[in-house]
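Reader: I'm new to this one. Could you walk me through it with a few questions and answers?

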Amino acid sequence: MPSDDFDDLQPRQAQTNEEKFETLLDLLSSGFVNDPDLDLVRDLALQHLLTFPQLPDRTIDIMRSILADMDDSEPVLNRKVAAIDVLAHMGPQAKPAFATLNGLLPLMESDRDIERSLALRAARAMWKIAGDSELAAEVAGKLVEDEEKWLVVHAAELLGELDS
């Protein structure tokens, strides 16, 4: 049988940017129950969203639902970092997520370095959204003294980004 007979049974490949990011958002909004088989897929979907210059407003609610996940495992916390980066990428359009990001700032005092990193990323995103660098500089200034060297590097990078 010719393969044409089965074309309608094959998944349709997204063609336009809108179809592509809608597919990614549908995947990300399908729930965040701890399914290790989907962790990599979700993480790659979040990273791929950063390649689109303009994302729809529904992205904001999906990123906020990722940030609301109460699981504090490392894969979920890493996914939260990626969601914050997507909001920062959206810039002023992501203003509705500002309060959610602000709620992450107290994590700067956490004993867990990944949570302190969330606070740093949230401060950066707030700067990208609101255009005010004062809070980002304050958080980065505190974390540049952190005992975790990788976190110090990220804090110093943010300070450098703020200066340029």
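Reader: Which sign does phi take at Gly131, positive or negative?
Author: This is a predicted model, where local features need pLDDT of at least 70, side-chain atom pairs count only at pLDDT 80 or more, and totals for chains, interfaces and linings use all residues. Residues are numbered from 1 along each chain as its sequence is written, and side-chain values use heavy atoms, leaving out hydrogens and water. Gly131 sits just after H6 (helices are DSSP runs of H or I, at least four residues, and strands are runs of E, at least two, numbered from the N terminus). At about 85°, the phi of Gly131 is positive.

Reader: And how many residues of H6 are buried?
Author: H6 has 18 residues and reaches 26 Å from first C-alpha to last, close to the 26 Å expected at 1.5 Å a residue (the expected span is 1.5 Å times one less than the number of residues). Buried means under 20% relative accessible area, with exposed over 50% and partly exposed in between, using a 1.4 Å probe and protein chains only. H6 is mostly covered, and its buried count is 13 of 18.

Reader: How do H6 and H7 run relative to each other, roughly parallel or roughly antiparallel?
Author: Their axes (lines fitted to C-alpha atoms over the stretch in contact, with angles from 0 to 180 degrees between N-to-C directions) come within 8 Å and cross at roughly 155°. Under 35 degrees counts as roughly parallel, over 145 as roughly antiparallel, 65 to 115 as roughly perpendicular and the rest as oblique. So H6 and H7 are roughly antiparallel.

Reader: Which residues does Ala88 touch, not counting those up to four places away in sequence?
Author: Ala88 lies in helix H4 and is buried, with a relative accessible area of 7%. Its C-alpha is 8.7 Å from that of Arg121, 33 residues apart along the chain. Counting contact as heavy atoms within 4.5 Å, Ala88 touches Arg124, Ala125 and Lys128.

Reader: Which helix gives the largest share of the largest nonpolar core?
Author: A nonpolar core is a set of buried Ala, Val, Leu, Ile, Met, Phe, Trp, Tyr and Cys residues joined through side-chain atoms within 4.5 Å. The largest one here has 47 residues, and Leu49 and Leu120 are among those with the most contacts inside it. Helices supplying at least two residues each include H1, H2 and H4. The largest share, 10 residues, comes from H6.
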